[in-house]
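Please work through the following exercises with the sequence and the coordinates at hand. Each task is followed by a solution in steps.

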Amino acid sequence: MSELPASVPETNTHCPYCALQCGTQLCGDSDVGVKVQPTDFPVNRGRLCHKGWTAAEVLTTADRLTRPLVRGADGRLDVASWGTALDTVAEALRTLRAQHGPDSVAVLGGGGLTNEKAYLLGKFARLALGTSQIDYNGRFCMSAAAAAGNAAFGLDRGLPFPVTDLRNAQTVLLAGANVAETMPPLMQHLDQAELIVMDPRRTATAQRAALHLQPTPGTDLALALGLLHIALADGLVDRDYVHEHTLGFDSAARRATAWWPERVEEITGVPASAQRRAVRMLAAARSAYVLTGRGVEQHSKGTDTVAAFINVALALGLPGRIGSGYGCLTGQGNGQGGREHGQKADQLPGYRSITDPTARAHVARVWGVTPSDLPGPGRSAYELLDALGGDQGPRGLLVFGSNPAVSAPHASHVTQRLASLDLLVVADFVPSETARMADVVLPVTQWAEEEGTLTNLEGRVLRRRALLPPPPEVRSDLRVLHDLAVRLDEPANRYPTDPREVFEELRAASRGGRADYSGISYERLDAGEVLHWPCPHTREPHPGTPRLFLDRFAHPDGRARFADVDHRGPAEEISSVHPLYATTGRVLAHYQSGTQTRRVAELTEAVPEPFVEVHPDTAALYGLEEQSLALVSSARGSMTARVRLDGTMRLDTVFLPFHFPDEGRANLLTHPALDPRSGMPEFKVCAVRIAPSRGVTP
């Protein structure tokens, strides 16, 4: 974009994409356009990735939703007034609830919603709809690490320390995290560290590593058990730390004794010598971190796998020490705050459990209802989607900030369930693949048009600020929830439309919870204060908690817990019919289901279509060549992708990005097996076959 006039508006805010929440300055208006510049915010220090630099392009995308749409008798989505659209939704919701009960309607939220939206969405679902059936797409992102963190430490905050602490690290283990492509500005904080990267692919991050561990997909838990075995066998366990600060070590140690390095090598393919080197690098470092990402978390045993890596960190005495620790790299823009304030199936604001009588009483007081008015826990995200339209499942679904037609596992099945609904309502700013299936589409604001707060991966609460007014017929999500609630005979003042007013209520609802925001205010944030939760309301303003666990862990006795976990294979093993492992992930140019990034010309030019990475020898075996089209098939479906040959790939593994729609959806292949503890689906491994495609270009 050319230089803008000096008089145009400007504001400081944050990037709309990942959980780093890089600081940005926006300049411009709807007439001259918007220019994005990075600020010297601590996590990005004047840098942005390709997505961040081009984020403003989505504000003016040609297919921006600017008017409500209602599907007519002819099956077409037609422009309608807000009154007509909202009346249509409200009447359908009333009918479903009257005929089938409150759980016949459901809500699916998103990890990109602001704290205020996530909070009010949970309140709307439980009070205005009276339904227990609410969850969010962060179930597909952070749930396994969250469950493991809560069990180990008594609290789940992705990074229990500021990102900037990583700058002084000597050694960092990145387990299933390709930050060079998914969070490029984070790499500057890792420049001084020796990296140990665990990933089935030789990713851009692995290429910068001192040591790359390349396991067979689905065997991460065995590898983590082997690392703990080596720490035990080589006398590298910090026995004083374990004795003073933890419980459960003996059980975890006994489990690890069965996982000697040579056995682990046989299962994972990672040489025993590399396993030993990894543990010795971590143990010898004066400052060391173990960080997990989606690669080890998105499995049907994801919680146990994360717990096994936490075991390694605890055995080496890392958590709770300044300059060392364990953390998980939260993915979505508000993936941290989005899982704290009530849009999860089992949760109330402040990271409270919905089954805890004390928590229910507190939130009921804030909301002006009785605890008995609050429904109990509902289904997790995939269970909810799987139940849609069934005899015992919801018949209506409201979607805010999510695109499950592309992002959910076993996507063809999920699409069928969405199509079976009596009512599908989608609030979005562009016509996502899910919105195109909807009965009613409600146009809502984008990031640069709204105020609010988000919480980044280090637990710091940030202000989102508006630069532009939205198009005339576009409303905020808060306004949509308010207008629907009023039509459902709820008191108007129960659903504020002003983000500041919603945040004030969120503060009260979170007070005393695990994620206590009661000491945080817009005034403090706008004054430039750096506030990490927990930040309780105190007589003198609380400074926030940038570093957790320095004195004690969050369990009542102050001790962390080792987990007694054992390896088990993936839900689906390779066979003669499906002889290859497929794993999925992100690429530098795109984000999540691609709803935003596929509308940015520079990004689609960089990666215009789905592709499959294959080792040249594997490709030759199956008759594939560079840039040819491949048909990739699993027991659940098939997708078409352009072949990319990569000599660093494992011979038994192919890789697919998950950003593309229609016949290019990687999630047509993925397995819906769920982690029993967190509800996380098995995105990262399934059995496939590949063959030359006779079809059209994806």
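**Exercise 1. State how many cavities of 30 Å³ or more the structure holds, and describe the lining of the second largest cavity.**

Solution.

Step 1. Three cavities of 30 Å³ or more are found in the structure. A cavity is a set of points, on a 1 Å grid over the protein atoms alone, where a 1.4 Å probe fits but cannot get out; lining residues have an atom within 4 Å of a point. Grid points are joined across faces, edges and corners, and a volume is the space filled by probe spheres set on the points.

Step 2. For the second largest cavity the volume is about 200 Å³. Its lining comprises 24 residues, of which Arg157, Pro160, Phe161, Tyr326 and Phe549 are the closest to the centre. Two or more lining residues come from each of α4 and β13. Helices (H or I, at least four residues) and strands (E, at least two) are DSSP runs, numbered from the N terminus.

Step 3. By class, this lining has 13 nonpolar, six polar and five charged residues. Ala, Val, Leu, Ile, Met, Phe, Trp, Tyr, Cys and Pro count as nonpolar, Asp, Glu, Lys and Arg as charged, and the others, Gly among them, as polar.

The model is predicted: local features need pLDDT of at least 70, side-chain atom pairs count only at pLDDT 80 or more, and totals for chains, interfaces and linings use all residues. Residues are numbered from 1 along each chain as its sequence is written, and side-chain values use heavy atoms, with hydrogens and water left out.

**Exercise 2. Describe the largest pocket and the second largest pocket by volume and lining.**

Solution.

Step 1. A pocket is an open set of grid points with protein on both sides within 12 Å along at least five of seven lines. The largest pocket holds about 450 Å³ of space. It is lined by 22 residues, and Arg139, Asn150, Lys344, Asp346 and Arg677 lie closest to its centre.

Step 2. At least two lining residues of the largest pocket come from each of α4 (143-153) and β15 (352-353). Helix α4 gives the most, with four residues. The lining of the largest pocket divides into six nonpolar, eight polar and eight charged residues.

Step 3. The second largest pocket encloses about 290 Å³. Among its 18 lining residues, those closest to the centre are Asn12, His14, Phe41, Arg460 and Arg465. Two or more residues each are given by β1 (10-14), β2 (23-29), β20 (461-464) and α19 (522-526). Five nonpolar, seven polar and six charged residues make up this lining.

**Exercise 3. Establish the strand order and pairing of the sheet that contains β2.**

Solution.

Step 1. The order in this open sheet of three strands is β1-β2-β3, with antiparallel pairing. Two strands pair if DSSP finds at least two bridges between them. The edge strands β1 and β3 each pair on one side only. From one strand to the next, the twist averages 30°.

Step 2. Strands β1 and β2 are joined by five bridges; histidine 14 is opposite glycine 23, and threonine 13 has threonine 24 as its bridge partner.

Step 3. Strand β2 pairs with β3 (residues 33-38) over six bridges, with glutamine 25 opposite glutamine 37. The hairpin from β2 to β3 passes through three residues.

Step 4. Five of the seven residues of β2 are buried, that is, under 20% relative accessible area (1.4 Å probe, protein chains only).

**Exercise 4. Determine the order of the five-stranded open sheet and the placing of helix α12 on it.**

Solution.

Step 1. The strands follow the order β10-β9-β8-β12-β13 and pair in parallel. At the edges are β10 (211-213) and β13 (325-328), each pairing on one side only. The twist averages 15° from one strand to the next.

Step 2. Five bridges link β8 (residues 171-175) to β12 (residues 288-292) in the parallel sense. Threonine 171 has alanine 288 of β12 as its bridge partner.

Step 3. Helix α12 (residues 302-315) packs on the sheet and touches β8, β9 (194-198), β12 and β13; contact means heavy atoms within 4.5 Å. The direction of α12 makes about 175° with that of β12. Axes are lines fitted to C-alpha atoms, for helices over the stretch in contact, and angles run from 0 to 180 degrees between N-to-C directions.

Technical notes
Buried means under 20% relative accessible area, exposed over 50%, partly exposed in between (1.4 Å probe, protein chains only).
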